[in-house]
Every structure is written in structure tokens, then in C-alpha cells.
Amino acid sequence: MPKGSVNPAHGNNLSAFIADINHAWRFTPLSHKERRAVVLRHGFDLRQADIADIEECAQSVVATRLFTAIGKLVAQLNGTNFIEGPTD
């Protein structure tokens, strides 16, 4: 079977994805607690209950921090503002 080839001039989506994540992480105004929740959940793959034990808070607090942090990161990537709460 012949080997495939890649055109380095076109790059790949992974590089762009990593650059976007790095940009969002650096420029999104997250609180220290929000950043810590994201790192523990998505970096260390801990469950919300485990994070709540580490942070000595309720699981609902962790869920709120994660929801808010991810919402802010997504808004940064989309070039929009994050709006907390219901949008009636």
C-alpha cells in the first residue's frame, strides 16, 4: 500500500484548534476558581463530585463554575459576550 503524503503548506485543523484554545485561555477573563475547575475537570478528568471535595464546596457550585467558565471561553472564541442566566 502506498504511503500517504501531507502538504505542510496547508497545515491541519489540530494546529488551529490548539491555537484557538490557547488564545481563549489567555484572554478570557476567568476567575481563579473558574480556571481551577476547568483544569481539574478537563485537564485531570475529575468528576464534579471529586472537584467539590477538593474545593470543599457543593457540587452545584462546581457545576456553576464550569458552566460559566466554558460559556465565557466559547463566547471569547465566537467573538461574542457571555450572558449569564436565562435569556428570555
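Okay, before anything else, one term: when I say helix, I mean a DSSP run of H or I at least four residues long, and I number the helices from the N terminus. With that in hand, here's a spot to keep in mind for later: Asp45 lies in the loop between helix 2 and helix 3. And please remember that what you're looking at is a predicted model.

Let's start with the overall picture. The protein has four helices and zero strands, so if you read along the sequence you get α-α-α-α. There are 88 residues, and buried ones make up 22% of them. The outside comes to about 6,900 Å² of exposed area, with carbon and sulfur atoms supplying 56% of that. As for how the chain comes back on itself, take the contacts between residues at least 6 apart in sequence: 46% of those join residues at least 24 apart.

Now, the middle. Which residues make up the largest nonpolar core? There are 11: Ala24, Leu30, Ala37, Val38, Leu40, Ile51, Ala52, Val62, Leu66, Ala69 and Leu73. Helix 2, helix 3 and helix 4 each put in at least two residues, and helix 4 gives the largest share, with four.

Let's walk through the helices, beginning with helix 1, residues 13-27. In general, you describe two packed helices by the angle between their axes and the distance between those axes. For helix 1 and helix 4, the angle is about 115° and the axes are 9 Å apart. The crossing is right-handed. On the helix 1 side, the contact is made by Asp20, His23, Ala24, Trp25 and Phe27, and on the helix 4 side by Leu73, Gln76 and Leu77. You may recognise Ala24 and Leu73 there from the core list.

On to helix 2. Its buried residues are Glu34, Ala37, Val38 and Leu40, and they pack against helix 1, helix 3 and helix 4. Ala37 is a nice one to click on: leaving out residues up to four places away in sequence, Ala37 touches Ile51, Arg65 and Leu66.

Right after helix 2 we're back at Asp45. What is the sign of its phi, positive or negative? Positive, near 60°, and this isn't a glycine. Just for background, most residues other than glycine have a negative phi. Asp45 is also exposed, because its relative accessible area is 59% and the cut-off for exposed is over 50%.

Next, helix 3, which covers residues 48-55. Ile51, Ala52 and Glu55 are the buried ones here. Looking down the axis of helix 3, those buried residues fall within an arc of 105°, so they line one face of the helix. As a general point, an α-helix has 3.6 residues a turn, so residues three or four places apart point the same way. And what does that buried set pack against? Helix 2, at 32-43, and helix 4, at 59-78.

Also in helix 3 is Ala49, which is partly exposed, at 26% relative accessible area. Its C-alpha atom is 5.6 Å from that of Gln59, although the two residues are 10 apart along the chain.

Just past helix 3 there's Glu56, in the loop between helix 3 and helix 4. Glu56 is another non-glycine with a positive phi, about 55°. Is Glu56 buried or exposed? Exposed, with a relative accessible area of 73%.

Last stop: two charged-looking names to find on your screens, Glu55 and Arg65. Glu55 sits in helix 3 and Arg65 in helix 4. Why do we call them buried? The cut-off is under 20% relative accessible area, and Arg65 counts as buried at 16%, while Glu55 counts as buried at 19%. Setting aside neighbours within four places in sequence, Glu55 is in contact with Arg36, Leu40 and Arg65. By the same rule, Arg65 is in contact with Lys33, Glu34, Ala37, Glu55 and Cys57. Ala37 and Glu34 on that list are among the buried residues of helix 2.

That's the tour: four helices, zero strands, and a largest nonpolar core of 11 residues, with helix 4 supplying four of them. Thanks, everyone.

Key:
Residues numbered from 1 in each chain as written. Predicted model: local features only at pLDDT ≥ 70, side-chain atom pairs only at ≥ 80, totals over all residues. Heavy atoms only, no water. Buried < 20%, exposed > 50% of the residue type's maximum accessible area, 1.4 Å probe, protein only. Arc of directions from axis to C-beta. Contact = heavy atoms within 4.5 Å. Areas by Shrake-Rupley, 256 points an atom, 1.4 Å probe, with all protein chains shown as cover. Core = buried A, V, L, I, M, F, W, Y, C linked by side-chain atoms within 4.5 Å. Axes fitted to C-alpha atoms, helices over the stretch in contact; angles between N-to-C directions. Left-handed = near helix turned anticlockwise from the far one by under 90°.
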